[in-house]
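Reader: Before accepting any label, I should like to see the criterion behind it. Please set each value against its definition.

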Amino acid sequence: MSTITITVKLFAAYQEAYGVPELLLEFPESTPVAAVRDRLIAEHPQLSQLRDITRFGVNLQFVEPETILNNGDEVVLIPPVSGG
């Protein structure tokens, strides 16, 4: 099976968990963007409270969780933010 490589930009709790602003990850072709979130949560279970409230961006566009990724895509996981 072929793979794709994507860049994942991390913000807020995701960045805190990983300690870096971005990751370069490989996934099988035809992977939906929600699989990125699921992989990060599997690697850092403390992020599980974000599963249902994270929004997704691919190449500077908001997308639905089932959006299929392509090689070279830039993915952003957008958790809720607070402050003011």
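Author: The following exchange takes up the sheet, the salt bridges and the backbone in turn. This is a predicted model, in which local features need pLDDT of at least 70, side-chain atom pairs count only at pLDDT 80 or more, and totals for chains, interfaces and linings use all residues. Residues are numbered from 1 along each chain as its sequence is written, and side-chain values use heavy atoms, with hydrogens and water left out.

Reader: What makes strand S1 and strand S5 a pair?

Author: Two strands pair if DSSP finds at least two bridges between them. Strand S1 (residues 3-9) and strand S5 (residues 74-78) have three bridges, in the parallel sense, so the criterion is met. Thr7 stands opposite Glu74 in S5. Strands here are DSSP runs of E with at least two residues, and helices are runs of H or I with at least four, numbered from the N terminus.

Reader: Why are S2 and S4 called edge strands?

Author: The open sheet has five strands in the order S2-S1-S5-S3-S4, with mixed pairing. Strand S2 (22-28) and S4 each pair on one side only.

Reader: Why is the contact between Arg37 and Asp38 called a salt bridge?

Author: The term requires a side-chain nitrogen of Lys or Arg within 4 Å of a carboxyl oxygen of Asp or Glu. The N to O distance for Arg37 and Asp38 is 2.9 Å, so the pair qualifies. Asp38 also forms a salt bridge with Arg51, again with the closest N and O atoms 2.9 Å apart. That pair links distant parts of the chain, since Asp38 is in helix H2 and Arg51 is in the loop between H2 and S3, 13 residues apart. By this rule the count comes to five salt bridges.

Reader: How do you know whether Arg37 is buried or exposed?

Author: Buried means under 20% relative accessible area, exposed over 50%, and partly exposed in between, with a 1.4 Å probe and protein chains only. Arg37 has 12% and is therefore buried. Asp38, at 30%, counts as partly exposed, as does Arg51 at 32%.

Reader: What makes the phi of Leu60 notable?

Author: Most residues other than glycine have a negative phi. Leu60 has a positive phi of about 70 degrees although it is not a glycine. Leu60 lies in the loop between strand S3 (55-58) and strand S4 (61-63), and its relative accessible area of 78% makes it exposed.
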